[in-house]
Amino acid sequence: MSLFRNIVLAAVIAGLLSGLMLTVMQSFATVPLIVQAETFEGAGAEAGHSHDAAAPADHHDDAEAWMPADGAERFLYTAAANMLAGIGFALLLVTAAEALGGLKDWRGGLMFGLAGFLAFSLAPGLGLPPELPGMPAAELGARQLWWVAAAGCTAIALGLLAYTRTPVLAVVAVVLLVLPHILGAPHPASHETAVPAELHARFVAAVLATSLVFWALLGAVSGLVRTRLRGGEEVYSAGTAEPVR
């Protein structure tokens, strides 16, 4: 029971810290770009309507959906969402690490965190780059399905490359890495948008940079906390049934 408790505690601590750090970074790196893109959103919606009359109605309703006000309210809602996501990702990271032998120190956690960045940020981002308000997008369900497939294939491939030594499995790993991108991510019928390409490029770079720091911190803190908590778990001495501490 102490193992489960310590895994959850390590994930909560790592998720809260990394989620808060991500929110702070986003406040300076990505939120200003989003606010700037929102000034083009109206023009983009009009262009999309004129060039794609058959677009789903819910695409236009997104602009009228509730959003937190700029300033403290947006920061708090973003921080809460990022910390919840951080805890979820940390649980996934620590659980996977335990299944593969456990985190020995913060360096091992950092390696798992970088693997998480590759699987959950970089690989899906190659096919579905982060989007700004006012940019056209494919149907949500199709994008989510492709994102899950790309992340899952990349995670499995990285595990095969790191923990197996046979050439056949290495070939399988490479196939898994490229398969989602060969099949291709879903895209909208038209890419026409009022958002400048330079602004979108800056946004993609900022999202990937902040995501890299988030995953690195998530992994390193998970490894550090998990190592500290392991010292309090019951360890059975060889040849005895009594736990020692």
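A residue counts as buried under 20% relative accessible area, as exposed over 50%, and as partly exposed in between (1.4 Å probe, protein chains only). The model is predicted: local features need pLDDT of at least 70, side-chain atom pairs count only at pLDDT 80 or more, and totals for chains, interfaces and linings use all residues. Residues are numbered from 1 along each chain as its sequence is written, and side-chain values use heavy atoms, with hydrogens and water left out.

**Exercise 1.** Determine where Arg74 lies, whether Arg74 is buried or exposed, and which side chain Arg74 meets in a salt bridge.

*Solution.*
- Step 1. Arg74 belongs to helix 5; helices are DSSP runs (H or I, at least four residues), numbered from the N terminus.
- Step 2. Because its relative accessibility is 12%, Arg74 counts as buried.
- Step 3. A salt bridge requires a side-chain nitrogen of Lys or Arg within 4 Å of a carboxyl oxygen of Asp or Glu. Arg74 and Glu38 satisfy this with an N to O distance of 3.8 Å.
- Step 4. Glu38 lies in helix 2 (residues 31-38) and Arg74 in helix 5, so the pair ties together parts that are 36 residues apart in sequence.
- Step 5. Glu38, with a relative accessible area of 25%, is partly exposed.

**Exercise 2.** Explain how Arg202 and Glu198 are placed relative to each other in helix 9.

*Solution.*
- Step 1. The closest N and O atoms of the salt bridge between Arg202 and Glu198 are 3.6 Å apart.
- Step 2. Because the two residues are four residues apart in helix 9, about one helical turn separates Arg202 from Glu198.
- Step 3. Arg202 is partly exposed, at 39% relative accessibility.

**Exercise 3.** Describe the surroundings of Ser222 and Ile7.

*Solution.*
- Step 1. Ser222 lies in helix 9 (residues 197-230) and is buried at 0% relative accessibility.
- Step 2. Contact means heavy atoms within 4.5 Å. Not counting residues up to four places away in sequence, Ser222 touches Ala10, Ala14, Ala90, Leu93, Val94 and Leu103.
- Step 3. Ile7 is located in helix 1 and is buried, with a relative accessible area of 12%.
- Step 4. With residues up to four places away in sequence again left out, the contacts of Ile7 are Leu91, Val94, Thr95, Glu98 and Arg226.
- Step 5. The C-alpha atoms of Ile7 and Arg230 are 9.4 Å apart, although 223 residues separate the two in sequence.
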